[in-house]
Amino acid sequence: MTSTAGRESEPAAGAATELRVLLPLVESAAQLDAVRPLLPAGTQLGAMIETRAAVAAAPEIARAADFVSIGTNDLTADVLGADRFAPGAAAAHDPRVLAAIAAACDAAREAGRVVEVCGEAAGDPLLLPLLVGLGVGELSVGA
């Protein structure tokens, strides 16, 4: 049996952790506004931009979010009208996809938000310089 004596003065697990929550498929600031009150104080709330509708609303989404993430797999499929699960169906280096990424990065920059990229494009050595040049500050890649 373990004693719990003295634990009352110990901080709660994770109390010193910087908690970040990322909402997928955000298409409006209202979606962020609906979730924010449900989170503990100090939690950073991010928005994933993964559709053409989200790119169009990126300025309002970026102002409402604490950070912005671009989901390149879904965004590429949506912009190109492709099946994201079909092998070789869509390429994030397509100029239409890069224009959507640029628009999301511009909106985030205007709002003073960090932009990260999740998805296959983040780990593509040929796309990395393009993403950084467009304003991406963080990349989420598989091991």
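Contact, in what follows, means heavy atoms within 4.5 Å. I should also say at once that this is a predicted model.

Let me start inside, with Ile-70. Leaving aside residues up to four places away in sequence, Ile-70 touches Met-48, Ile-49, Leu-75, Ile-101, Ala-104, Cys-105, Val-115, Glu-116, Val-117 and Cys-118. Several of those names come back in the next part.

The largest nonpolar core has 36 residues, and those touching the most other members are Leu-32, Ile-49, Ile-61, Ile-70, Leu-75 and Ile-101. Two or more residues come from each of H1, S2, H2, H3, S3, H4, H5 and S4. Which element gives the most to this core? That is H5, with 8 residues. As background, nonpolar side chains in soluble globular proteins tend to be buried together.

Next, helix H4, residues 72–80. Thr-72, Leu-75, Thr-76, Ala-77 and Val-79 are its buried residues. What do they pack against? Two helices are among the partners, H2 (52–56) and H5 (95–110). The strands on the list are S2 (44–49), S3 (67–71) and S4 (115–118). After H4 comes Gly-81, with a positive phi near 65°.

A word on cysteines. Cys-105 has 1% relative accessibility, so Cys-105 counts as buried. Cys-118, at 17%, is also classed as buried, because the cut-off is under 20%. Both are contacts of Ile-70. As for disulfides, the structure holds 0.

Now the charged side chains. How many salt bridges does a search of the whole structure find? The search finds 6. I will go through three of them.

The first on my list joins Glu-138 and Arg-20, at 3.9 Å from N to O. This pair links distant parts of the chain: Glu-138 is in strand S5 (residues 138–140), Arg-20 is in strand S1 (residues 20–23), and they are 118 residues apart. Glu-138 is at 31% relative accessibility and therefore counts as partly exposed. Arg-20, at 33%, falls in the partly exposed class as well. This pair is also part of a network of salt bridges, in which Arg-20, Glu-116 and Glu-138 are linked. Glu-116 has appeared already, as one of the residues that Ile-70 touches.

Next, Asp-66 and Arg-36, whose side chains meet in a salt bridge at 3.0 Å, N to O. Here both partners sit in loops: Asp-66 in the one between helix H3 (58–64) and S3, Arg-36 in the one between helix H1 (29–35) and S2. They are 30 residues apart, and again the pair links distant parts of the chain. Are these two buried or partly exposed? Asp-66 is partly exposed at 32% relative accessibility, and Arg-36 is partly exposed at 28%.

The last pair is local. Arg-109 and Asp-106 both lie in helix H5, 3 residues apart, which is about one turn of the helix. Their side chains form a salt bridge at 2.4 Å, N to O. Arg-109 has 49% relative accessibility and counts as partly exposed, because exposed requires over 50%. Asp-106, at 37%, is partly exposed too.

To close, back to H5. This helix holds the Arg-109 and Asp-106 pair, gives the most residues to the largest nonpolar core, and is one of the elements that the buried residues of H4 pack against. That is where I will stop.

How values were computed:
Residues are numbered from 1 along each chain as its sequence is written. This is a predicted model: local features need pLDDT of at least 70, side-chain atom pairs count only at pLDDT 80 or more; totals for chains, interfaces and linings use all residues. Side-chain values use heavy atoms; hydrogens and water are left out. Buried means under 20% relative accessible area, exposed over 50%, partly exposed in between (1.4 Å probe, protein chains only). Helices (H or I, at least four residues) and strands (E, at least two) are DSSP runs, numbered from the N terminus. A disulfide is a pair of cysteine sulfur atoms within 2.5 Å. A salt bridge is a side-chain nitrogen of Lys or Arg within 4 Å of a carboxyl oxygen of Asp or Glu. A nonpolar core is a set of buried Ala, Val, Leu, Ile, Met, Phe, Trp, Tyr and Cys residues joined through side-chain atoms within 4.5 Å.
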